[in-house]
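Here are a few exercises to work through with the model open beside you. Try each task on your own before reading its solution.

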Amino acid sequence: MEILDGKKVSEDIKNEIAAEVQKMKDNGEKVPHLAAIIVGNDGASLTYVGSKVKACERVGFESTLIKMPNTTSETELLKKIKELNADDNIDGFIVQLPLPKQIDTQEVLMAIDPNKDVDGFHPENFGKMALDMTTFIPATPFGILELLERYGVETQGKHTVVIGRSHIVGRPMSILMGRKGFPGNSTVTLTHSYTKNISQITTQADIIITALGVPNYLKAEMVKDDAVVIDVGITRVSDDSTEKGYRITGDVDFENVSKKASFITPVPGGVGPMTIAMLLKNTLLAREQKRLKMR
Ligand SMILES: Nc1nc(=O)c2c([nH]1)NC[C@@H]1CN(c3ccc(C(=O)N[C@@H](CCC(=O)O)C(=O)O)cc3)C=[N+]21
């Protein structure tokens, strides 16, 4: 069994990005500038956005964090988005999800200029992704592809089972793994809450990607020998023995599943740090006005 070390690979990627930023500085060019809007004060969301800002500093990007109250109306948020769309100083921005219930998420995502949509959530970018066109690939799926690639995990002709059909992870992941190119060319099964006999499906999988948010969901009996297991789950469970009073846990029963898997991502230190690194990568591409295509 080999650990897919997202913490380490994300550091490598950040070093690569920092070197690109240094070149930009040496040439007297403007460095990439990422902005993030966060509405409300959900603890986990604030932590993630904080990590994104810190990562920007680390690679030499400029960053702007815009905090709006929980009571923000959709109109107010749309106005802020229009400002960022028009601001030539901002290369890319994200609106942290989830949003408070008075705000329609799809309306918000559609308001973002597709050229600044470094999350890749705008329907135009999502559509391009599905059509194998160059675009911003959503950061979490992009991070998973990058991990598979850097560890030389074969995806071609493999059966990939994705658990969970969220717009930000499961759905794009199912599309990307089945796309032409590398990593891709996989045969994909997308499972969700209406899937029957899920164990019968997961035990056929060469690659399993769980994005559910249910701690210890994926048990050893659900996994065949030598499967590749990618755990996208991140759930905070209270734990008084830790400094913060909580620890984070994935969807996978790591202790038992890791004995069977050929490759497995840990939580923490797997997909999470990769998500942040790939958001930076997309912002660099936005600055360079480039998009990514699979090879
Ligand atoms: N518009 C938008 N884009 C996102 O990309 C987005 C979002 N909204 N909303 C929430 C999810 C979640 N997400 C994570 C990012 C980093 C870690 C991360 O760094 N995790 C660390 C540990 C963090 C901890 O200790 O809590 C790890 O897994 O090792 C986790 C989760 C981005 N998301």
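## Exercise 1: A lysine and its partner

Lys 224 has a relative accessibility of 30%, so Lys 224 counts as partly exposed. Keep in mind that this is a predicted model.

**Task.** Find which residue forms a salt bridge with Lys 224, and where the two partners sit.

**Solution.**
- Start with the charges: Lys 224 pairs with Asp 206, and the closest N and O atoms are 2.8 Å apart.
- Next, place both ends. Lys 224 belongs to the loop between S7 and S8, while Asp 206 is in the loop between helix H8 (198-202) and S7.
- The pair links distant parts of the chain, with the two positions 18 residues apart in sequence numbering.

Elsewhere, salt bridges with shared partners connect Lys 7, Glu 11, Lys 14 and Arg 58 into one network. The whole structure has 14 salt bridges.

## Exercise 2: Two further salt bridges

**Task.** Work out what separates Lys 128 from Glu 124 along helix H5, then examine the pair of Asp 132 and Arg 179.

**Solution.**
- Lys 128 and Glu 124 form a salt bridge whose closest N and O atoms are 3.8 Å apart.
- The two residues are 4 positions apart in helix H5, so about one helical turn separates them.
- Check the surface: Lys 128 is partly exposed at 26%, and Glu 124 is partly exposed at 39%.
- Now turn to Asp 132 and Arg 179, where the closest N and O atoms of the salt bridge are 3.7 Å apart.
- Asp 132 lies in the loop between H5 and H6 and Arg 179 in the loop between helix H7 (170-178) and strand S6 (187-191), so this pair ties together parts 47 residues apart in sequence.
- Asp 132 is partly exposed at 29% relative accessibility, whereas Arg 179, at 4%, is buried.

## Exercise 3: Unusual backbone geometry

**Task.** Look for backbone angles that depart from the general pattern: most residues other than glycine have a negative phi, and most peptide bonds are trans.

**Solution.**
- Begin with phi. Asp 132 has a positive value near 65 degrees.
- Asp 226 also has a positive phi, about 70 degrees. Asp 226 is in the loop between strand S7 (207-210) and strand S8 (228-231) and is exposed, at 57% relative accessibility.
- Then check omega. The bond from Leu 97 to Pro 98 is cis, and Pro 98 lies in the loop between strand S4 (92-95) and helix H4 (105-111).
- A cis peptide bond also joins Val 267 and Pro 268, with Pro 268 in the loop between strand S11 (263-264) and H10.

## Exercise 4: The ligand and its shell

**Task.** Describe which residues surround the ligand and which polar atoms lie by its nitrogen atoms.

**Solution.**
- Of the 15 residues around the ligand, those that come nearest are Val 95, Gln 96, Leu 97, Asp 119 and Gly 269.
- Sort the shell by class: 9 residues are nonpolar, 4 polar and 2 charged.
- Trace where they come from. H10 gives the most, with 4 residues, and domain 1 (26-113) and domain 2 (139-272) each contribute at least three.
- List the polar contacts. A ligand nitrogen is 3.0 Å from a polar side-chain atom of Gln 96, a ligand nitrogen is 2.8 Å from a polar backbone atom of Leu 97, and a ligand nitrogen is 2.6 Å from a side-chain N or O atom of Asp 119.
- Finish with cover: the protein covers 85% of the 670 Å² of accessible area that the ligand has on its own.

Notes. Residues numbered from 1 in each chain as written. Predicted model: local features only at pLDDT ≥ 70, side-chain atom pairs only at ≥ 80, totals over all residues. Heavy atoms only, no water. Near = heavy atom within 4 Å. Polar contact = N/O pair within 3.5 Å; in protein donor to acceptor, adjacent residues only side chain to side chain. Areas by Shrake-Rupley, 256 points an atom, 1.4 Å probe, with all protein chains shown as cover. Nonpolar A, V, L, I, M, F, W, Y, C, P; charged D, E, K, R; others polar. Domains from an automatic or database assignment. Buried < 20%, exposed > 50% of the residue type's maximum accessible area, 1.4 Å probe, protein only. Salt bridge = Lys/Arg side-chain N within 4 Å of Asp/Glu carboxyl O.
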